[in-house]
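Colleague: I am new to this one, and I would like to know how the labels people use for it are justified. Could you walk me through a few?

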Amino acid sequence: MKQKLLATAVAATMAMGVSAASADSVTIASWGGSYQEAQSKALFQPASAKTGIEVKEETYGGMSDVRLQVQTGAVTLDIVASGSGSASRAGAEGLLEELDYNLIDVSTFYPTLKMKYCVGGDVFSTVYAWNTATYGENGPQSWADFWDVEKFPGKRAYRGKVSGALEPALMADGVAPEDVYKVLSSEEGIERALDKIRELKPHIDVFWSSGAQHAQLMKDGEVDMTTGWNGRFDNAKKDGAKVAYSFNQALLDYDCFAIPKGAPNKDTAMKFLAEISKAEYQANLPKYITYGPTNKAAYDYPTIDQEVAKTLPSHPDNAKLQLPVDIEWYAKWETIAAEMYQEMLTE
Amino acid sequence: MAAIEGTGMNADGLRRDGFLERMKLFGLCSPAILLVLVILVIPAGWLAYVSFLGADGQFSMENYSRMISRKSYMRIFITTFEVSFMTTGICVLIGYPLAYFLSQLPARIANICMITVLLPFWTSLLVRTYAWLVLLQKKGLVNTFAIELGLWDEPIKIVHNMTGTLIGMVHIMLPFLVLPLYASMKAVNRDYMKAASNLGANPVSAFWTIFFPLSTPGLFAGMLIVFVLCLGFYVTPAVLGGGKVIMVSMKIASNIELFVNWGAASALGVVLLVLTIGALWLTSRFVRLEQIVGGGH
């Protein structure tokens, strides 16, 4: 009896071992909502079907969650979707695994859309958007126009966090896009940008804190002009909002995928990242949300809708109008700049 | 017990019995004491410890010196206390007459009215906050109706600022003031008021000399709960303040995102805790706290 029990136990253990080895799986955490739905339909599910890697999806609260998991040694996530700036800081902090670019093919990527710890997943723009009921189709065409309250009277909304908030101010102040990060690389430069925002502050009704919020502000007509993320405005427009935006002088930024340090299925995760970075999946992303592929080859892939492609932030015609966000600057200056930004906000 | 201690020849036995009884009572209390220790004292102590760790994990005062060198922290604390004081004040102005009115009604009607006070209390805080946003915004119901009725011509700014924050917070906090106040008012013996009238007091002076002082324990309890809850408020100012009304809890959240160590956020928590305890101590100089929280004799 005892022996039989033991045999059963051994068999069961072996069976478990076998099944764990054969069914590779990864747990992916992203931001939820229409964004994650798009990622899931365009990237995760098709790649899972093709590779046989089982995908478990979760939502999470950002890199502070990853920090908590890594520091307590209880890492449950294999892949996380993140903004490029926070991924860069988390990488520097030692929270992320270095990615294996021998495995992940980034030869057809925009060179600025990947880094040591994070590979670009989609491209978005921080744009200025305006209410077409107030200004018609020909709204502001530059950041200087956004600041010009005589030419474009009306209420503004602006980001409540420093990320993506200083660059427009400097461009409005006459700094050439290519010099923006040079000027920002000192406290005086940051102060110059803040002074420009102080100038506009009486006309800023709301400092927004989320993409859903700035989309809603435009939908409700609460403000006449705002900064924000292009995909949200496209979705708001689909819902009937009177909103338009321009890519001229917009900030080209990207979201990326990273692997937390000590992820339980690190190797599978690396394989999965290699798969979803391919053009064949990336070409389908714009079907679900108007964020562009990071893999340039996706624009030539047969399944991409050329009409939609022209409206995407990373389409070559649009990309050349924009200032790519400098991740290095954020890694070095964001904490200081954020504190200075808070001073400006609380004045 | 004190009265019989130390008399006659049974003194020793009595003292021993007293000691044993105290030990037994302490034993009965110990699970509760342990619970408080585990879920309150230890985490708070850990919080304080972490707040002294710098970005490199070494002992450092940087999390505190930052609060002094950056003016925004002081302003955020001032805003937090300002919002809390004003919310408490407005709650008293609205809540006292309301509770008085309820306490004077016959029980059945009072119960129905009480439900109207409690109903919002049972609705999610987020839902109520967003509802206010919908009501108060530029093209919201309040502005639309007021303009239709000719009360004002242009939409007025009643949200995305301090006004909106206070409206939302008062609405959410009001039950916390009304409930203890109502209980306190119901406990006032009506015969006292009749006696006052009988002795020649007019209704106004009877109210101020008899009823009001007797209702103060409930009033102070309510004020204290409202004030302390306000200090840590997050959702309502974040949604209705338009990003311009920044309270400590919001800064704690942004510091967790921004700094690589927990200390930057912990230090804010410690300062808020100390200031709250300070406020309670200050209150205790003027009113007896144990009477307010119901532990008094």
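Colleague: What makes strand E5 (residues 118-131) of chain A count as mostly covered?

Modeller: This is a predicted model, and in it 14 of the 14 residues of E5(A) are buried. A residue is called buried if 20 or more other C-beta atoms lie within 10 Å of its own, so the strand earns the description "mostly covered".

Colleague: How do you know that strand E4 (residues 114-115) of chain A and E5(A) pair?

Modeller: Pairing needs at least two bridges. E4(A) and E5(A) have two, in the antiparallel sense, so they pair. Met115(A), for instance, has Cys118(A) in E5(A) as its bridge partner. The two strands form a hairpin, with two residues between them.

Colleague: Which bridges join E5(A) to strand E9 (residues 243-258) of chain A, and how many are there?

Modeller: There are eleven, and the strands are antiparallel; Ala129(A) stands opposite Tyr245(A) in E9(A). E5(A) is also joined to strand E8 (residues 225-229) of chain A by five bridges, again antiparallel, and Thr126(A) has Trp229(A) in E8(A) as its bridge partner. With at least two bridges required, both count as pairs.

Colleague: Why are residues of chain A and chain B said to be in contact?

Modeller: The C-beta atoms of two such residues lie within 7 Å, which is why they are called in contact. Here 19 residues of chain A are in contact with 19 residues of chain B. Helix H16 (327-346) of chain A gives the most to its side, with seven residues.

Key. Residues are numbered from 1 along each chain as its sequence is written. Chains are lettered from A and ligands numbered from 1 in the order in which they are written. This is a predicted model: local features need pLDDT of at least 70, side-chain atom pairs count only at pLDDT 80 or more; totals for chains, interfaces and linings use all residues. Helices (H or I, at least four residues) and strands (E, at least two) are DSSP runs, numbered from the N terminus. A residue is buried if 20 or more other C-beta atoms lie within 10 Å of its own, exposed if 12 or fewer, and partly exposed in between; C-beta atoms are placed from the backbone.
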